[in-house]
Amino acid sequence: EQFVIQEVLAEVKYANYNRALEILRRSKDVFETEWLFYFIEGTIEASMAEYIHSMSEISTTIKLSEGSTTYRSSGEIRTTIDYSRAEEGLTKSNEVNPQFSLVWYNRANILAQTQRFREAIDDYTQAISIDANLPQAYYNRGLTLIYLQEIERGCLDISKAGQLGIVDAYAVIKRYCEKKKP
């Protein structure tokens, strides 16, 4: 199991996501715990989706003719990331072992990225109920609540994230949580 994980991580390090998934899926039977397999698979799928998306964000280059000047489009490129396979892997991992906080946290991030904010809040809450010292879950849940205009609840989470070590939380508190003086 450890050897397979190391081999998979080596491929992920160099963004060889398809190769990493191939190695992982070929070696599924060596995993003693099924939830770990699904967690790794879902995480790789999410990383691959984000990598593909980042490539589409690069400015479009138009080459007019051989040897000519290239022009970069200044228009905004909008694409949608398909997280469905990543979400599926993380959901399977949760079904097998619902007590691993990072699976809930990672799935919450995917739900938030796909604008399913209430579901994301539920998953962040589940991650926190398993590990009350997971600062990123408080931080992201807080940001999501603030986005949904639940400022007071969001600020409580952001404050907790700051107490647990997320320094960026204090800038968010200053911007959204401190009462403006007349």
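How many helices and strands does the protein chain have? Colour the model by secondary structure and count along: you should find nine helices and two strands. Keep in mind as you click around that this is a predicted model.

**Stop 1: the whole chain**

Trace the chain from its start, and the elements come in the pattern α-α-α-β-β-α-α-α-α-α-α. The protein chain has 182 residues, and 40% of them count as buried. If you switch on contacts between residues at least 6 apart in sequence, 47% of those join residues at least 24 apart.

**Stop 2: E87 and its neighbours**

Now select E87, which sits in helix α4, residues 84-96. Is this glutamate buried or exposed? E87 counts as buried because its relative accessibility is 17%, and the cut-off for buried is under 20%. Show side chains next, and look for R116: its side chain makes a polar contact with the side chain of E87, at 2.9 Å. To see the wider surroundings, add R107, I110 and L111; E87 touches these as well as R116, leaving aside residues up to four places away in sequence.

**Stop 3: the largest pocket**

Move on to α5 (101-113), α6 (117-130) and α7, each of which supplies at least two residues of the lining of the largest pocket. Select N109, A112, Q113, F117, Y124, N140, L143, T144 and Y147 to light up that lining. Which helix gives the most to it? That's α7, with four residues. The space inside the largest pocket comes to about 220 Å³. Colour the lining by residue type and you get five nonpolar residues, four polar ones and no charged ones.

**Stop 4: the two sides of α9**

Finish at helix α9, residues 169-177. Select A169, V172, I173 and C177, which are buried. Where do they lie around the helix? They sit on the same side of α9, because they cover an arc of only 100 degrees around the axis. That fits the usual helix geometry: an α-helix has 3.6 residues a turn, so residues three or four places apart point the same way.

What do the buried residues of α9 pack against? Bring up α7 (135-147) and α8 (151-163), and you have the partners of the buried residues of α9. Then spin the view to the face of α9 turned away from its buried side, where the exposed residues A171, K174 and R175 are carried.

Terms used:
Residues numbered from 1 in each chain as written. Predicted model: local features only at pLDDT ≥ 70, side-chain atom pairs only at ≥ 80, totals over all residues. Heavy atoms only, no water. Buried < 20%, exposed > 50% of the residue type's maximum accessible area, 1.4 Å probe, protein only. Polar contact = N/O pair within 3.5 Å; in protein donor to acceptor, adjacent residues only side chain to side chain. Contact = heavy atoms within 4.5 Å. Arc of directions from axis to C-beta. 1 Å grid on protein atoms, 1.4 Å probe; cavity = no way out; pocket = protein on both sides within 12 Å on 5 of 7 lines; lining within 4 Å. Points joined across faces, edges and corners; volume = space filled by probe spheres on them. Nonpolar A, V, L, I, M, F, W, Y, C, P; charged D, E, K, R; others polar.
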